[in-house]
Every structure is written in C-alpha cells, then in structure tokens.
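Hi,

Here is the structure I promised to pass on. Have a look, and my notes follow right underneath.

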Amino acid sequence: MRSSFENLNDWIKEVRNSCSQDVQLFLIGNKSDISPAQREVTFEEALEFKQKNNLLYFTETSAKSGDNIEKLFLDASKFIYLKYKDQLAKMAEDDAAS
C-alpha cells in the first residue's frame with residue numbers, strides 16, 4: 001500500500017531511535033504477485049528508498065503465492081550469521097571449555 005511506503009521514514013526513525021546502532025534494517029515489499037498496473041509502489045521506487053536510507057537489504061515477496069518467502073528468511077539468516085559469526089564461534093569455544 002502506498003500509505004505504508006509513505007510511513008517508512010517515520011518507522012525507520014523510530015527504530016533507529018529505539019534500537020542499538022547496529023540494528024539491521026531490511027525493506028520487504030509484499031504483494032509481488034500483483035500486476036504492474038495494480039502496483040502502488042514500483043520496484044524502482046523501493047530500491048531507490050533502500051539506497052537513499054542505507055538499508056541493508058531489499059526484496060519483494062508474496063504472502064499469497066509464497067514467492068521469495070524462503071529466500072527472505074535464508075538471506076536474513078545469512079546477514080545475521082555474518083554479523084555475529086565471531087561471537088558465535090567464541091560462544092561455541094566457551095561451551096566446549098565448560
């Protein structure tokens with residue numbers, strides 16, 4: 001919905017004010033299954049918003065068809081793993097030592 005897209009700046013500001021500095025922000029567009037004529041926000045608009053706001057990731061999904069849902073979760077997991085892999089390795093070492 002266009003109104004959701006227009007509220008993104010406020011939501012991002014709220015997240016950045018409420019969370020730690022290292023929070024990872026993703027932009028996910030839903031309803032990728034609808035025709036281009038029915039779209040309220042273009043792919044290009046969303047991509048430009050992602051770049052302008054230094055968001056980590058952008059993709060489009062469809063809750064209706066399931067398109068890109070699994071990919072989204074796999075990609076999010078990869079970003080989280082890469083960010084915390086050193087801490088995870090240390091935790092594994094600590095557990096092995098105890």
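K31 sits in the loop between strand 1 and helix 3. This is a predicted model, by the way, so please read everything below with that in mind. The phi angle of K31 is near 70°, a positive value in a residue other than glycine. Is K31 buried or exposed? Neither quite fits: K31 counts as partly exposed because its relative accessible area is 48%, and the cut-off for exposed is over 50%.

Two other residues of that loop are on my list. D33 is also found between strand 1 (26-29) and helix 3, and its relative accessible area of 38% makes it partly exposed. What does D33 touch once residues up to four places away in sequence are left out? The partners are S62, K64 and S65. For S65, you can check the distance yourself: the C-alpha atoms of D33 and S65 are separated by 7.1 Å, with their positions 32 residues apart along the chain.

I34 belongs to the loop between strand 1 and helix 3 as well. With a relative accessible area of 27%, I34 is partly exposed. If you want a pair that sits apart in space, try I34 and A92: they are 58 residues apart in sequence, and their C-alpha atoms are 45 Å apart.

There is another positive phi to look at. N68 is not a glycine, yet its phi is about 70°. N68 lies in the loop that runs between strand 2 and helix 4 (69-97), and at 27% relative accessibility it counts as partly exposed.

N68 also turns up in the surroundings of T59. That residue is part of strand 2 (residues 57-60). Why do I call T59 buried? Its relative accessibility is 9%, and buried means under 20%, so T59 qualifies. Not counting residues up to four places away in sequence, T59 touches L27, I28, G29, N68 and L72. Of these, N68 is in the loop before helix 4.

Now the overall picture. The protein chain has 4 helices and 2 strands, and reading along the sequence gives the pattern α-α-β-α-β-α. How does the radius of gyration of the protein chain look against a compact globule of 98 residues? Such a globule would come out near 13 Å, whereas the protein chain has 17 Å. The C-alpha trace spans about 60 × 30 × 20 Å along its principal axes.

Some totals for your notes:

- Buried residues make up 21% of the 98 residues.
- Among contacts with a separation of 6 or more, 63% are between residues 24 or more positions apart.
- The accessible surface is about 7,500 Å², and carbon and sulfur atoms account for 53% of that.
- There are 13 positive and 17 negative charges, and the mean positions of the two sets are 3 Å apart.

On to the core. Which residues form the largest nonpolar core? It has 10 members: F5, L8, I12, L25, L27, V41, A46, F49, L55 and F58. Helix 2 (8-18) and helix 3 (43-52) each supply at least two residues of this core. L25 is a good one to click on: setting aside its neighbours within four places in sequence, L25 is in contact with I12, V15, R16, L55, L56 and Y57. I12 and L55 from that set are core members too. L27, one of the residues that T59 touches, is likewise listed in the core.

Two more residues before I stop. A76 is placed in helix 4, and at 14% relative accessibility it counts as buried. A76 and Q51 are 25 residues apart in sequence, with 18 Å from C-alpha to C-alpha. N54, by contrast, lies in the loop between helix 3 and strand 2 and counts as exposed, at 66% relative accessibility. Between the C-alpha atoms of N54 and K85 there are 22 Å, and the two residues are 31 positions apart along the chain.

Cheers

Methods:
Residues are numbered from 1 along each chain as its sequence is written. This is a predicted model: local features need pLDDT of at least 70, side-chain atom pairs count only at pLDDT 80 or more; totals for chains, interfaces and linings use all residues. Side-chain values use heavy atoms; hydrogens and water are left out. The radius of gyration is taken over C-alpha atoms; the globule rule is 2.2 Å times the number of residues to the power 0.38. Buried means under 20% relative accessible area, exposed over 50%, partly exposed in between (1.4 Å probe, protein chains only). Contact means heavy atoms within 4.5 Å. Accessible areas come from the Shrake-Rupley method with a 1.4 Å probe; for residues, only the protein chains shown count as cover. Lys and Arg count as positive and Asp and Glu as negative; His and the chain ends are not counted. The place of a charge is taken as NZ of Lys, CZ of Arg, CG of Asp or CD of Glu. A nonpolar core is a set of buried Ala, Val, Leu, Ile, Met, Phe, Trp, Tyr and Cys residues joined through side-chain atoms within 4.5 Å.
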